[in-house]
Amino acid sequence: GYICLEGSSKKNEYDCANATEVNPGNYYCPAGSSKRTVVPEGTYSTPDDADELYNRISYANCPKTSVCLKGIQYTQFIWDVGTCADAADSTGSVSSISVSVDENDNGASVG
């Protein structure tokens, strides 16, 4: 998504969000937009890949497996009692648990 101001010479002259924007994913610009639009609460801007962060064109409802804040979708981690218990040493202490998640991945490995 781009902003198409009157007198623009190109359809992609102005990014929907600029590089100094604190939360660029919070905005989207459908084709032909003259201004950017804030993403509604409980949604995320699309397409949701890093290459398009400043040029989102739409939005989608946040899946139940995610948390969506300021237009960005994050994987929601739900810890069960067994996760920490399995990581405990012989004294019952847990020094650390690492989580690895690829961008836009809805599954995570804990180890």
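In this predicted model, Cys29 is buried, with a relative accessible area of 1%. The cysteine bonded to Cys29 is Cys16, and the S to S distance of this disulfide is 2.1 Å. Cys16 also counts as buried, since its relative accessibility is 2%, which puts it under the 20% limit used for that class. The torsion about the S-S bond of Cys16 and Cys29 comes to about 80°, so this disulfide is right-handed. Cys16 sits in the loop between strand E2 (14-15) and strand E3 (27-28), whereas Cys29 belongs to the loop between E3 and strand E4 (37-38); the pair therefore ties together parts that are 13 residues apart in sequence.

The disulfide count for the model is 2. Besides the pair just described, Cys62 is joined to Cys68, with an S to S distance of 2.2 Å. Here the torsion about the S-S bond is about 90°, so the disulfide of Cys62 and Cys68 is right-handed. Its two ends fall into separate accessibility classes: Cys62 is partly exposed at 23% relative accessibility, while Cys68, at 14%, counts as buried. When the bonded cysteines of the protein chain are numbered in sequence order, the pairing reads 1-2, 3-4. As for Cys4, a relative accessible area of 34% makes this residue partly exposed.

The loops around E3 also hold a contact between charged side chains. A search of the whole structure finds 1 salt bridge, in which the side chains of Arg36 and Glu21 meet at 2.8 Å, N to O. This pair links distant parts of the chain, 15 residues apart: Glu21 lies in the loop between E2 and E3, and Arg36 in the loop between E3 and E4. Arg36 is partly exposed, its relative accessible area being 31%. The loop between E2 and E3 thus contains Cys16 as well as Glu21, and the loop between E3 and E4 contains Cys29 as well as Arg36.

Further along the chain, strands E7 and E8 (residues 72-75) run antiparallel and are joined by 4 bridges. Within this pairing, Cys68 stands opposite Gln73 in E8, and Cys68 is also the residue bonded to Cys62. The hairpin of E7 and E8 has 2 residues between the strands, and Lys70 takes a positive phi near 50° in this hairpin.

Two other residues of E7 help to fill in the picture. Ser66 has its place in this strand and is buried, with a relative accessible area of 6%. The C-alpha atom of Ser66 is separated by 8.3 Å from that of Phe77, a residue 11 positions away along the chain. Val67 likewise lies in strand E7, which spans residues 66-69, but this residue counts as partly exposed at 34% relative accessibility. Together with Leu69 and Tyr74, Val67 makes a nonpolar surface patch of about 270 Å². Strand E7 therefore offers a buried residue in Ser66, at 6%, and a partly exposed one in Val67, at 34%.

Methods. Residues numbered from 1 in each chain as written. Predicted model: local features only at pLDDT ≥ 70, side-chain atom pairs only at ≥ 80, totals over all residues. Heavy atoms only, no water. Patch = residues over 30% accessible without salt bridge, like charges linked within 9 Å, V, L, I, M, F, W, Y side chains within 5 Å. Areas by Shrake-Rupley, 256 points an atom, 1.4 Å probe, with all protein chains shown as cover. Salt bridge = Lys/Arg side-chain N within 4 Å of Asp/Glu carboxyl O. Buried < 20%, exposed > 50% of the residue type's maximum accessible area, 1.4 Å probe, protein only. Disulfide = S-S within 2.5 Å. Pairing = 2+ DSSP bridges.
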